[in-house]
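Let's take a walk through this structure together, one stop at a time. Keep the sequence and the 3D view open as you read.

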Amino acid sequence: MSSRKRRQKEKEHEDDGSDHSCNAFEDANNGPQHHTPPKLPTWFHQCKTFSILEMDIKRFPFRELVADWLEVPSDELENIHAISSIPESRIPLHPTIRQAWVASKTEPKISSTMRRAKKKGLFSSPQYNRYVDTYRLFLKEVIAPLCCDPSSNQQNIVYQYPPTTRVVLPNGNKTISMHRDKDYPNHQAAEINFWLPLTNVFESNSLFVESEPGKGDFQPLNLRYGQFLKFNGHDCRHYTVHNETQICRVSIDFRVVPSCLCTQRSQIGDFCVEETNDDGYKAFWSTSKQNSPKPCSESVQHEHIHH
């Protein structure tokens, strides 16, 4: 990327409140990395298969953690759309919820002063730190073993950081059009996608995925909180549709790559990355301004796709 384009990209992120341009982050030791994709080993193909899995919601209480960050009672995540009728002083001002209101054409009137006050410190709050700390633990204990060679002691992964948090209200627009992640820049053949709904999902209030590349057997996933999806989003088409149910959908999604198959550590799609190791994790994003990067594609709630 040229210096001129890099400066323009950084300015775009500054304009939308972001302190970090993910495109500006490269491997601190090696700089930009452009390698020929490795031939994927036999064991990895099993790792990419479409699977619905279970997680321990007591050890990894993502619903409660995300609700706390969104400033919504955890037992009301399915009914966030009803919050728009309460007084302004009690309205949760998290940008993710505001975007969901806009997408469903139900945005309440909120003063610009209150909006600016809420945006400050959003990605360095104690609630956010608890959320991402649990995310890192979940990746190390649960996700890494699902993505690595079971016969090897090498169980480290490069992963999207932070995960994307999505809120879609009743009458909300689709968040992604039909696509494969490989249709967009900076994705790797060894990526594995994960989708964790924090509310029950079904019919138009869910994700549509084909089970194998090109198979076209699209069905809305019928999942409850505590279940999550592992799938080959790099090669399999997936999309969402207009939410015609009366239930709000809250979910998180992310992508990971086994460290031994990773071709570059600067980013995954539009996202910054970290990598698990024996001491915890290694970050490949700058820490000069705050404790966490704000990704350019955080909490997308409209039709335009960000990867």
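## A walk through the fold

Gln267 lies in the loop between β9 and β10 (273-277). This is a predicted model, so the place to begin is simply what its atoms show. Is Gln267 buried or exposed? With a relative accessibility of 5%, Gln267 counts as buried, because the cut-off for that word is under 20%. The side chain of Gln267 also has a polar contact, reaching the backbone oxygen of Gly269 at 2.5 Å.

Now zoom out for a moment. The chain has 307 residues, and 52% of them count as buried. Its secondary structure comes to six helices and 11 strands. If you take the contacts in the chain with a separation of 6 or more, 78% of them are between residues 24 or more positions apart. As for the outside, the accessible surface of the chain is about 14,100 Å², and carbon and sulfur atoms account for 48% of that.

Next, find strand β3, residues 164-168. Five of the five residues in β3 are buried, so the strand is largely enclosed by the rest of the structure. In a regular strand, side chains alternate between the two faces of the sheet. You can follow that along β3: Thr164, Arg166 and Val168 point one way, while Thr165 and Val167 point the other way, and all are buried. Which strand does β3 pair with? The partner is β9, which runs antiparallel to β3 and is joined to it by five bridges. One place to look is Thr164, whose bridge partner in β9 is Asp253.

Asp253 turns up again at the next stop, a hollow inside the protein. The structure holds two cavities of 30 Å³ or more, and the largest cavity has a volume of about 160 Å³. There are 16 residues lining the largest cavity, and Arg166, Ile176, Trp195, Leu207 and Asp253 are the ones nearest its centre. Which strand gives the largest share of that lining? β9 does, with four residues. Both β4 and β9 (249-258) supply at least two lining residues each.

From there, step to the loop between β4 (192-197) and β5 (208-209), where you'll find Ser206. Ser206 has a relative accessible area of 0%, which means that it is buried. Leaving aside residues up to four places away in sequence, Ser206 touches Trp195, Val201, Pro220, Leu221, Thr240 and Arg249. Trp195 in that group is also one of the residues nearest the centre of the largest cavity. With Leu221 there is a polar contact too: the side chain of Ser206 reaches the backbone oxygen of Leu221 at 2.6 Å. For a link back to β3, look at Val168: it is 38 residues from Ser206 along the chain, and the two C-alpha atoms are separated by 9.8 Å.

The loop between β4 and β5 also holds Ser204. Ser204 is buried as well, with a relative accessible area of 11%. Again not counting residues up to four places away, Ser204 touches Val241, His242, Asn243, Glu244, Thr245 and Arg249. Which backbone atom lies 2.9 Å from a polar atom of the Ser204 side chain? It's the nitrogen of Glu244.

Follow the chain out of that loop into β5, and you come to an open sheet of three strands, ordered β6-β5-β8 with antiparallel pairing. β6 (219-220) and β8 (238-239) are at the edges with a single partner strand each, so one side of each has no neighbour in the sheet. Two bridges pair β5 with β8 in the antiparallel sense. To see where they meet, look for Val209, which stands opposite His238 in β8.

The last stop is a helix, α3, at residues 62-70. Seven of the nine residues in α3 are buried, so this helix is largely enclosed by the rest of the structure. Which residues of α3 are the buried ones? They are Phe62, Arg63, Leu65, Val66, Ala67, Trp69 and Leu70. An α-helix has 3.6 residues a turn, so residues three or four places apart point the same way. After α3 comes Glu71, with a positive phi near 65°.

Technical notes
Residues are numbered from 1 along each chain as its sequence is written. This is a predicted model: local features need pLDDT of at least 70, side-chain atom pairs count only at pLDDT 80 or more; totals for chains, interfaces and linings use all residues. Side-chain values use heavy atoms; hydrogens and water are left out. Buried means under 20% relative accessible area, exposed over 50%, partly exposed in between (1.4 Å probe, protein chains only). Contact means heavy atoms within 4.5 Å. A polar contact is a pair of N or O atoms within 3.5 Å; within protein, one must be able to donate a hydrogen and the other to accept it, and residues adjacent in sequence count only if both atoms are side-chain atoms. Two strands pair if DSSP finds at least two bridges between them. Accessible areas come from the Shrake-Rupley method with a 1.4 Å probe; for residues, only the protein chains shown count as cover. On a 1 Å grid over the protein atoms alone, a cavity is a set of points where a 1.4 Å probe fits but cannot get out, and a pocket is an open set with protein on both sides within 12 Å along at least five of seven lines; lining residues have an atom within 4 Å of a point. Grid points are joined across faces, edges and corners, and a volume is the space filled by probe spheres set on the points.
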